[in-house]
Amino acid sequence: MASMKIIATIGPACSDPETLKGMVRAGLNNVRINTAHIEKGYITKIRKMVDQVNEETKASVGIMVDLKGPELRTRAYDGGRMEIKAGNTYRFSDDESDPRNIGVNYLNVIDTLEPGDLILVSDGKITLRVVQKSGNTVEVKALDSGVIRDRGRINIPGKVLNLGVTTERDELFIKEGIEAGVEFFALSFVQTRENVEELQELVMSQGGDQLIVSKIETKSGLQNISDISRVSDFIMVARGDLGVEMPLEEVIVAQKQIIRESHKHGVPTIVATQVLESMVSNPVPTRAEVSDVTNAILDNADVLMLSEETAIGKYPVESVEYLKNISEYVERSYGNFAGPEEFLGNRIAYSIAMAARVVASEIRAAGILAFTQSGNTAKMLSAVRPPCPVYAVTTNPKMPARLSLYRDVIPLYIPQEEGQKLTQLNALEWLLEKGMFEKGSRLVITSGAPYFLFGGTNEVRIATVGRFIGRGYPCGKSTDGVVTRNIDGTGDVLITDSLSERDMDRYGKFRCVVCTSSVPHRLLRELTSRGVTVLSNTRLAGDVKEGDHVTVDGDTGVING
């Protein structure tokens, strides 16, 4: 199972339940809705489909609504285009009758411009340099020749532009998203922490509690990444627009910088744009794309996002599957990912998360079991990069999908009425009944007390999956088998009150000998040299019957049924 999480953009190629189910089974964790291409009611429609697919596949796929945000664009031209010639001068002003006026839809940006500033138009194909400014008019010199079409995109690298955070259209989708119960809103063109705080306040004012994904796609956003990450739930490396605002050779270094700075605070990151773009039309990715994905994983990113690959591509299911397969291989081959340097939040809970990581590594745990109500415990455990999956047990029905993008985290929902009665002991039995772990598997458990009502992680302990039968002092490796109390019996695990030297050869046929009294060192050495695990001074807490199957933990001496 991949630790890395996967987002796929919904579109014509995957907007039917059967295709979406195939993507979920292939490893999909979250669906992105790009509001640039939808109308009112679409979010509600997708919510219903995702809920249906989650129910049928027993998954916890969440939804991210990607807000288009205000964009800086040129005016409309006679004939739909404007010819630009290198060396000529042009203007940005409100005079649309001026044939040299390129025009801009947010005239107030002129206040931020100074002589020498660069303005990029048409996805960076045309570069203009500011020559002088007078009132509401800026004169620029063209450094390139080309054509600007109606409403062409404008970028002004390194400038914090006062465009606002959302448009009226965005606010319609925010309202619909809150009503539909989506889990995430992605904010485009984040430049400062105030941009994020403004969206958070807008969402909260409408009764929402969605997590905020800050998209870093401008130079100003990159320059302010430390502050932005401190107030964001997730950070997205939006490489498309970053590649317009800076030379292409700088984008991959910017990606590393954004991931490093965000992860320093324990904030998860998403890498997006052209991840497997060739799979829009081809059934396999290029070697360069596989290398790019591998690089993002090694950078310590938490999530990879597909755009056109799944929205309009021919191979949406295969695209998800390739991401999962690459992630699994890289994680299995590397497996040494650094944790945060200065985690923001509860220091006690964070210390518990760090302790859980160390313990899980030392005992080779099958998983970390985290009782969580708000999701914060799971977030912290994800950030410290544990060596095994984190099973986030929650009674909050909204929480599984909200946890869908945290690396390593597998959410487990328990209805409220069951959760209030749940203890650590019967939680292990519940997991065993669900077939999630084999008997004898070791788990690290983090929780507070009481576990579900108030939250607050304050303890970490080790438990073994199964019905506790007893414990002795172990010598040998972990094993399992069928119980017998007869030295001539056919079982694998002999339970006896004492050992006799004359029966040494007869003991040698068992995988494990459980003795309720002390065992001399010489006999211990002899039996373990024959590969027999021995428990001495064992205390049995329950009745063990002939023929019962048990597991024996060679490190802890715990016997489980």
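Visitor: Leaving aside neighbours within four places in sequence, which residues is Ile46 in contact with?
Guide: This model is predicted. Neighbours of Ile46 within four places in sequence are set aside here. The residues then in contact with Ile46 are Ile10, Val31, Ile33 and Ile63.

Visitor: How many residues has the largest nonpolar core?
Guide: Ile46 is one of the residues with the most contacts inside that core. Leu28, Phe185 and Leu199 are also named for this. The core has 65 residues.

Visitor: Which helix gives the largest share of this core?
Guide: The share in question is six residues. They come from residues 42-57, which form helix 2.

Visitor: How many residues are in the other core, the one with Phe184?
Guide: That core lies apart from the largest one. Ile270, Ala349 and Ala360 are among its residues, as is Phe184. Its count is 36 residues.

Visitor: What is the chain like overall, and what percentage of its residues is buried?
Guide: The chain has 18 helices and 27 strands. Along its principal axes, the C-alpha trace spans about 110 × 45 × 45 Å. Of the 561 residues, the buried ones make up 55%.

Visitor: Among contacts between residues at least 6 apart in sequence, what percentage joins residues at least 24 apart?
Guide: Contacts between residues under 6 apart are not part of this count. Of those that remain, the share joining residues at least 24 apart is 66%.

Visitor: How is helix 1 placed against helix 2: oblique or roughly parallel?
Guide: Helix 1 covers residues 17-26. Its axis and that of helix 2 are 10 Å apart, and the two pack at an angle of about 55 degrees. Angles under 35 degrees would count as roughly parallel. The angle found here therefore makes helix 1, relative to helix 2, oblique.

Visitor: Which residues of helix 2 does helix 1 meet?
Guide: Helix 1 passes helix 2 in a right-handed crossing. From helix 1 come Pro17, Leu20, Lys21, Val24 and Arg25. By class, this contact has six nonpolar, two polar and three charged residues. On the helix 2 side are Met49, Val50, Gln52, Val53, Glu56 and Thr57.

Visitor: At what angle do helix 3 and helix 4 cross?
Guide: Helix 3 is made of residues 168-180. Its axis and the axis of helix 4 come within 10 Å. The two helices are oblique to each other. They cross at roughly 50 degrees.

Visitor: How many charged residues are in the contact of helix 3 with helix 4?
Guide: Glu171, Ile174 and Ile178 in helix 3 meet Leu199, Leu202 and Val203 in helix 4. By class, five are nonpolar and no residue is polar. Glu counts as charged. The number of charged residues is one.

Visitor: How many of the eight residues of helix 13 are buried?
Guide: Helix 13 runs over residues 376-383 and is mostly covered. Its buried residues include Lys379, Met380 and Leu381. They pack against helix 8, helix 12 and several strands, among them strand 16 and strand 19. The count of buried residues is seven.

Visitor: Which residue with a positive phi follows helix 13?
Guide: Its phi is near 60 degrees. The residue is Arg385.

Visitor: Is Ser262 buried or exposed?
Guide: Ser262 has its place in helix 8. Not counting residues up to four places away in sequence, Ser262 touches Ile225, Ser229, Ile235, Val267 and Thr269. Buried means under 20% relative accessible area. At 0%, Ser262 therefore counts as buried.

Visitor: Is Phe189 buried or exposed?
Guide: Phe189 is in the loop between strand 11 and helix 4. Its phi is positive, near 55 degrees, and the residue is not glycine. With a relative accessibility of 15%, Phe189 counts as buried.

Visitor: What is the relative accessible area of Pro283?
Guide: Pro283 is in the loop between strand 14 and helix 9. Leaving aside neighbours within four places in sequence, Pro283 is in contact with Tyr315 and Tyr322. Pro283 is partly exposed, with a relative accessible area of 42%.

Notes
Residues numbered from 1 in each chain as written. Predicted model: local features only at pLDDT ≥ 70, side-chain atom pairs only at ≥ 80, totals over all residues. Heavy atoms only, no water. Core = buried A, V, L, I, M, F, W, Y, C linked by side-chain atoms within 4.5 Å. Buried < 20%, exposed > 50% of the residue type's maximum accessible area, 1.4 Å probe, protein only. Helix = DSSP H or I, 4+ residues; strand = E, 2+ residues; numbered from the N terminus. Contact = heavy atoms within 4.5 Å. Axes fitted to C-alpha atoms, helices over the stretch in contact; angles between N-to-C directions. Parallel < 35°, antiparallel > 145°, perpendicular 65-115°, else oblique. Left-handed = near helix turned anticlockwise from the far one by under 90°.
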